[in-house]
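Colleague: Please take a close look at one part of this model, the packing of its helices. Then add a few single residues for context.

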Amino acid sequence: MEEIDRRIVTLLATDGRMSFTDLAKETGLSVSAVHQRVRRLEKRGVIRAYAALVDYDEIGLPLTAFVSIKPIDPSAPDDAPERLRYLTAIEACHSVAGDESYILKVRVASPLALEELLQQIRASANVSTRTTVVLSTPYDYRSPVIEKEPAPDAAEG
């Protein structure tokens, strides 16, 4: 990835609503050049979406938890993500290495709602769960640091 594209991605990751005019000022490109580069980054899938960051306390979902799941029957099909897709309280599902198969990030209104969600997860996917409740989040949604690609070693080429 070119340095200028890394800069554009970093700027948009920090502020997805940044205008093409502001991106042009920050990168030293023309507005049309920035527009072309952003569209190309979108087309390549480098920029997948633009989203609003929500204050979950304000919308009534103050409790965040991470739920690790593993199948009760290890020989059963690995289809937990599909079986759980309908549960909208699950914000993210990550396949992981280790004892568990997946870690789910969930947001709910209360401990009772978390308990009910855990029952739904267990019943829907035939899994056991291990839950970690988030007490506070010092930071989240950090912008990526996109490292410069190392120059090819002249001795290798």
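Modeller: Start with the angle classes: under 35 degrees is roughly parallel, over 145 roughly antiparallel, 65 to 115 roughly perpendicular, and the rest oblique. The model is predicted, with pLDDT of at least 70 needed for local features and 80 or more for side-chain atom pairs, while totals for chains, interfaces and linings use all residues. Numbering runs from 1 along each chain as its sequence is written, and side-chain values use heavy atoms, without hydrogens or water.

Take α2 and α3 first. Helices here are DSSP runs (H or I, at least four residues; strands are E, at least two), numbered from the N terminus. The axes of α2 and α3 lie 8 Å apart, at about 100 degrees. (Axes are lines fitted to C-alpha atoms, for helices over the stretch in contact; angles run from 0 to 180 degrees between N-to-C directions.) The pair is therefore roughly perpendicular. From α2 come F20, T21, L23, A24 and T27. They meet V31, V34, H35, V38 and R39 of α3. By class, that gives 6 nonpolar, 3 polar and 1 charged. (Ala, Val, Leu, Ile, Met, Phe, Trp, Tyr, Cys and Pro count as nonpolar; Asp, Glu, Lys and Arg as charged; the others, including Gly, as polar.) Contact means heavy atoms within 4.5 Å.

Now bring in α1, residues 3-14. Its axis comes within 11 Å of that of α2, residues 20-27, and the two cross at roughly 130 degrees. That angle makes α1 oblique to α2. The crossing is right-handed. (Right-handed means the near helix is turned clockwise from the far one by less than a right angle; left-handed, anticlockwise.) On the α1 side sit I4, R7, I8, L11 and L12. L23, E26 and T27 answer from α2. This contact has 5 nonpolar, 1 polar and 2 charged residues. L23 and T27 thus serve in the contact with α1 and also in the contact with α3.

The third pair is α1 with α3. The α3 helix spans residues 31-44. Here too the axes come within 11 Å, crossing at roughly 80 degrees. α1 and α3 are therefore roughly perpendicular. I4, D5, I8, V9 and L12 of α1 make the contact with R37, V38, R40, L41 and R44 of α3. The tally is 6 nonpolar, no polar and 4 charged. I4, I8 and L12 appear in this contact and in the one with α2. V38 plays a similar part on α3, touching α1 and α2.

One more α1 residue is A13. A13 is partly exposed, at 39% relative accessibility. (Buried is under 20% relative accessible area, exposed over 50%, partly exposed in between, with a 1.4 Å probe and protein chains only.) Beyond four places in sequence, A13 contacts S143 and P144. The C-alpha atoms of A13 and A49 are 10 Å apart, across 36 residues of sequence.

Away from these helices, K105 sits in strand β3, residues 102-108. K105 is buried, at 13%. Its contacts beyond four places in sequence are T64, A65, F66, A89, I90, E91, A92 and D140.

S75 lies in the loop between β1 and α4. At 65%, S75 is exposed. N126 lies in the loop between α5 and β4. N126 is partly exposed, at 39%. Its phi is positive, near 55 degrees, in a residue other than glycine.
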